[in-house]
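User: I am new to this kind of model and would like to learn how to read its features one at a time. Could you take me through them slowly?

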Amino acid sequence: CSGDGDLAVRAGAPYELSDASGDLQPLSLMFRMSNVDTPALLRFAQANVESLAVGESDYIRGNRSDRQLVDKLVEQGEPSVFFKSEGPFLGDAIRRGDLAPTALIMIQPTSTARREVCLNTTRVGGVDATNTDALSASMGELLDQVWQCSRFMRAQVPGFRDAHFSGVASRVGIRETRRIHCDAVLSEDEVRTGLKREDGIGKGSHHIDIHESGLGQVRIPVDNGGSYDIPWGSLLPRGLANVMVAGRCFSADRPAHGSARVMGPCMAMGQATGTAAAMMAAQG
């Protein structure tokens with residue numbers, strides 16, 4: 001469950017990094033800002049509909065326009081706003097050099113009492129995070145992006161004028177390293193179509209989500225707002241009789257991994273392997 005699958009690899013399990021492209025998703029460092037004026041932020045969102053990422057799933061969108069979706073966002077009253085690089089607000093800021101290239105500024109609430117949000121926007125690409133020297137070397141650039149973005153938010157986004165930096169993640173966020181080869185391999189088609197299976201140990205519903213260096217990001221929703229089952233066999237390394245894996249080192253092709261690598265499915269995998277280990281121990 002180390003994320004990188006270190007124990008399985010040292011035990012001899014086969015694995016892969018990336019795919020034929022050789023790409024790896026960039027590293028990120030999330031941070032928090034407090035004393036955010038939510039009503040002012042949402043008014044700014046309403047005035048800049050073309051700059052927001054909304055309704056990426058046609059199933060969830062229905063027949064609603066971007067304007068209607070943003071109005072619903074404002075009605076909900078939570079500081080959950082995504083600025084997209086294709087829109088003029090974020091795109092122009094990147095072109096001016098006010099921000100490092102990124103696909104999105106994702107703002108989500110963390111504490112109502114502190115009027116605090118987290119921001120996910122930093123990215124450093126081209127790093128194999130199993131190389132600890134390279135991983136450590138990314139920290140300076142990621143922190144520079146944190147300070148740059150926090151200054152930008154205070155200067156350019158109503159609702160953040162009186163906000164201040166309040167915390168940073170305890171470690172660099174790693175989206176992708178090794179995928180252990182297991183008895184079953186979750187596939188892109190199974191994710192996209194929401195395949196159900198008898199040996200499913202948990203569900204995933206997050207879109208196929210592959211961050212790229214710079215402005216790029218692949219985002220493909222599961223069909224019809226549905227979910228797919230994660231196969232038990234995708235946690236059983238080939239050739240090893242006494243090892244299970246869980247989390248983002250599980251077995252999938254790269255697009256499917258882009259969906260199931262997130263927290264909910266990883267927690268389900270951990271629950272499944274822990275339960276299985278306990279059952280096996282009880283049975284001797």
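User: What covers the buried residues of H2?

Analyst: Please keep in mind throughout that this is a predicted model. To read how a helix is packed, one lists its buried residues and then looks for what lies against them. Helix H2 covers residues 38-47, and its buried residues are Thr38, Ala40, Leu41, Leu42, Phe44 and Ala45. What covers these buried residues includes helix H4 (66-76), strand E3 (81-84), helix H5 (88-96), E4 and H6.

User: How do H2 and H4 lie relative to each other, roughly parallel or roughly antiparallel?

Analyst: For a pair of helices, one reads the separation of the axes together with the angle between them. Here the axes of H2 and H4 come within 9 Å and cross at roughly 175°, and because angles over 145 degrees count as roughly antiparallel, H2 and H4 are roughly antiparallel to each other. The contact is made by Leu42, Ala45 and Gln46 on the side of H2, and by Arg67, Val70, Asp71 and Val74 on the side of H4.

User: In what order do the strands form the open sheet?

Analyst: A sheet is read by following which strand pairs with which. In this model 5 strands form an open sheet in the order E3-E4-E5-E2-E6, and the pairing is antiparallel. E3 and strand E6 (164-168) stand at the edges, and because each has a single partner strand, one side of each is left without a neighbour in the sheet. The twist averages 25° from one strand to the next.

User: Which bridges join E4 to E5, and which join E2 to E5?

Analyst: Bridges show how two strands are matched, residue against residue. Strand E4 (residues 104-111) runs antiparallel to E5 and is joined to E5 by 5 bridges; among the partners in E5, Asn120 is matched with Met106 and Leu119 with Ile107. Strand E2 (residues 31-34) also runs antiparallel to E5, with 3 bridges joining the two, and here Val117 is the bridge partner of Met33. E4 and E5 form a hairpin with 4 residues between them, and Arg115 in that turn has a positive phi of about 50°.

User: Which way do the residues of E5 point?

Analyst: Along a strand, one can sort the residues by the direction in which they point and then ask about burial on either side. In E5, Glu116, Cys118 and Asn120 point one way, while Val117 and Leu119 point the other way, and all are buried. Strand E5 (residues 116-120) is accordingly described as mostly covered, with 5 of its 5 residues buried.

User: Which residues have the most contacts inside the largest nonpolar core?

Analyst: In soluble globular proteins, nonpolar side chains tend to be buried together. The largest nonpolar core in this model has 40 residues, and those with the most contacts inside it are Val81, Phe83, Ile105, Ile107, Met153 and Phe160. The elements that give two or more residues to this core are E2, H2, H4, E3, H5, E4, E5 and H6, and H6 gives the most, with 6 residues. Apart from this core lies another, of 15 residues, among them Val191, Ile208, Val222 and Ala272.

User: What does Phe160 contact, and where is the place of Val36?

Analyst: To place a single residue, one looks at its contacts beyond its neighbours in sequence. Leaving aside neighbours within four places in sequence, Phe160 is in contact with Met33, Val36, Leu41, Ile107, Val117, Met153 and Arg154. Val36 has its place in the loop between E2 and H2, and Val36 is buried, with a relative accessible area of 1%. Not counting residues up to four places away in sequence, Val36 touches Arg115, Val117, Gly159, Phe160 and Ala163.

User: How many disulfides does the count come to, and why is Cys149 without a bond to the closest cysteine sulfur?

Analyst: For disulfides, one checks the separation of cysteine sulfur atoms, which must be within 2.5 Å. The count comes to 0 disulfides. The sulfur of Cys149 is 12 Å from the closest cysteine sulfur, which belongs to Cys118, and this is too far for a bond. For Cys266 the closest cysteine sulfur is that of Cys249, at 8.4 Å, again too far for a bond. Cys149 is buried, with a relative accessible area of 1%, and Cys266 is buried as well, with a relative accessible area of 19%.

Note on methods: Residues are numbered from 1 along each chain as its sequence is written. This is a predicted model: local features need pLDDT of at least 70, side-chain atom pairs count only at pLDDT 80 or more; totals for chains, interfaces and linings use all residues. Side-chain values use heavy atoms; hydrogens and water are left out. Buried means under 20% relative accessible area, exposed over 50%, partly exposed in between (1.4 Å probe, protein chains only). Two strands pair if DSSP finds at least two bridges between them. Contact means heavy atoms within 4.5 Å. A nonpolar core is a set of buried Ala, Val, Leu, Ile, Met, Phe, Trp, Tyr and Cys residues joined through side-chain atoms within 4.5 Å. Axes are lines fitted to C-alpha atoms, for helices over the stretch in contact, and angles run from 0 to 180 degrees between N-to-C directions. Angles under 35 degrees count as roughly parallel, over 145 as roughly antiparallel, 65 to 115 as roughly perpendicular and the rest as oblique.
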